[in-house]
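Here are a few exercises to work through with the model on screen. Try each task yourself, then read the solution.

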Amino acid sequence: MSNLSSEIAAGDASVPSESELLSIAAAHLMQNYRQPPMVLQRAQGAEMWDTQGRRYIDLCAGVAVSALGHNHPAIAQVLARQASFIHGSNYFFNVENILCARDLCQRARMDRAFFCNSGTEAVEAAIKIVRRHHFNHGQTDRFEIIAFDKSFHGRTLGALAATGNAEYRQGFGPPLEGFHHVPYGDLEATSRLMGPRIAAIIVEPIQGEGGVLPAPPGFLAGLRDLTKRHGALLIADEIQTGVGRTGTFLGIEHDGVTADVVTLAKGLGGGVPIGAMLATNDVAKALTPGTHGSTFGGNPLASSVARTVLATIEREGLLAHASALGAHLTTQLSAMALEFPSVCKGARGRGLLQGLILQPAFKPRDVLGRLLEAGVLLTAAGSDVVRFTPPLVITRALLDEGLAKVRRALTTLAP
Ligand SMILES: *Cc1c(COP(=O)(O)O)cnc(C)c1O
């Protein structure tokens with residue numbers, strides 16, 4: 001245990017008991033999530049502990065967020081250093097934000113960055129920039145956006161309109177106008193919608209929330225081609241796939257495709273909230289002074305942490321690590337699916353974003369409960385997938401220990 005963790009552990013006496021915490025949560029937290037009855041308290045690397053001292057192997061990294069695991073010394077150090085200058089506002093430049101923009105554009109091979117605080121905000125910015133781009137070119141009717149069934153782009157009203165899941169929109173009034181949804185992977189259906197009203201196509205290189213669905217071969221290149229031919233823009237939503245998750249910095253790199261606009265968040269801050277919308281010089285021109293903004297966006301704290309995440313990925317060779325460990329994960333999950341055919345149908349994904357697909361008789365929520373009991377933290381995706389998004393820094397030994405626990409849990413489920 002590190003010094004920091006032991007200090008936190010030493011404060012345990014002042015923390016209410018697990019059952020007290022759970023009843024406070026039941027009384028005072030909005031009930032829009034469905035947490036299991038335990039309370040996480042501390043974490044180190046890819047391991048976490050709850051208030052009862054139970055240990056878990058973290059194979060979800062807070063949904064692909066804690067890319068460097070927990071309590072990484074580089075993050076701890078930069079957080080402490082930057083505590084003296086957390087916020088400056090966008091009325092003034094700050095050193096860390098300028099350097100963060102440079103570092104991020106370099107990695108993503110884009111020109112300019114807008115910073116915000118979450119994925120959904122990055123998507124909002126993307127929707128606004130593509131619409132404004134065409135508006136500035138005199139194409140005031142070109143504001144429609146094509147998105148895909150089962151896509152996830154966020155929960156604010158604009159991003160929600162892009163999200164390809166009607167259930168998420170239910171009861172929230174009329175959705176934002178101008179969005180079309182077609183089946184993911186269907187170039188034909190997309191092509192039929194293209195025309196002078198289509199401002200952009202927004203796509204995830206691997207649909208994360210939708211069930212860890214990788215784009216079929218040629219799909220992203222096909223979308224790139226369609227947008228070019230019809231004067232529309234391509235938005236790559238890399239909020240889940242970006243920052244090394246699939247073994248390359250951006251997920252679209254696997255397909256040799258470049259986008260006009262890229263959204264990032266999740267792993268970018270290693271746990272500290274930050275989002276970014278990147279664009280080419282041409283598209284970036286649309287955001288002139290006064291057209292968009294964010295009070296917290298680009299603050300030196302989040303910027304310095306994001307820079308540290310980028311530098312650490314490079315220094316520790318985490319792209320190659322995610323790629324190699326991802327191949328190992330694919331082999332292991334496929335073997336598990338073969339071993340327990342009554343529980344799982346197969347596995348899919350890329351790098352350290354992978355899913356174990358369940359048979360219809362098994363609901364992810366029930367399986368996750370068993371996995372938790374076995375001591376592994378995982379999340380569900382779509383209606384039938386257990387999603388694996390471990391920290392990029394996880395060692396092979398710890399991943400294998402986690403997978404052994406998964407296997408044990410599957411043994412208890414198999415009839
Ligand atoms: C998580 C996610 C979002 C939304 O990000 P938030 O930070 O939760 O707002 C958008 N798009 C994709 C692809 C995501 O995975």
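**Exercise 1.** How far does a backbone N or O atom of T120 lie from an oxygen atom of the ligand?

*Solution.* Before you start, know that this is a predicted model, where local features need pLDDT of at least 70, side-chain atom pairs count only at pLDDT 80 or more, and totals for chains, interfaces and linings use all residues. Residues are numbered from 1 along each chain as its sequence is written, and side-chain values use heavy atoms, with hydrogens and water left out.

Step 1: go to T120, where the distance is 2.8 Å. That makes a polar contact (a pair of N or O atoms within 3.5 Å).

Step 2: look at G119, which has a polar backbone atom 2.8 Å from an oxygen atom of the ligand.

Step 3: now F152, whose polar backbone atom sits 3.1 Å from a ligand nitrogen.

Step 4: check the cover. On its own the ligand has 390 Å² of accessible area, and the protein covers 82% of that (Shrake-Rupley method, 1.4 Å probe).

**Exercise 2.** Sort the shell around the ligand by class.

*Solution.* Step 1: list the residues around the ligand, with a heavy atom within 4 Å of it; among them are S118, H153, E204, D237, I239 and K266.

Step 2: sort them, counting Gly as polar. You should get two nonpolar, six polar and three charged residues.

**Exercise 3.** In what order do the four strands of the open antiparallel sheet come?

*Solution.* Step 1: strands are DSSP runs of E, at least two residues long, and helices are runs of H or I, at least four, all numbered from the N terminus. Two strands pair if DSSP finds at least two bridges between them.

Step 2: read across the sheet, and the order is β13-β14-β17-β16. At the edges, β13 (344–350) and β16 (379–381) each pair on one side only.

Step 3: zoom in on β16, which three bridges join to β17 (residues 385–388). One of the β16 residues, A381, has V385 as its bridge partner.

Step 4: add helix α12 (residues 318–339), which packs on the sheet and touches β13, β14 (353–358) and β17; contact here means heavy atoms within 4.5 Å.

**Exercise 4.** Which strands pair with β3?

*Solution.* Step 1: β2 (residues 47–50) pairs with β3 (residues 55–58) in the antiparallel sense over three bridges. They form a hairpin with four residues between them, and G53 in the turn has a positive phi of about 85°.

Step 2: β15 (residues 376–377) pairs with β3 in the parallel sense over two bridges.

Step 3: find I57, which stands opposite E47 of β2 and opposite V376 in β15.

Methods:
A polar contact is a pair of N or O atoms within 3.5 Å; within protein, one must be able to donate a hydrogen and the other to accept it, and residues adjacent in sequence count only if both atoms are side-chain atoms. Axes are lines fitted to C-alpha atoms, for helices over the stretch in contact, and angles run from 0 to 180 degrees between N-to-C directions.
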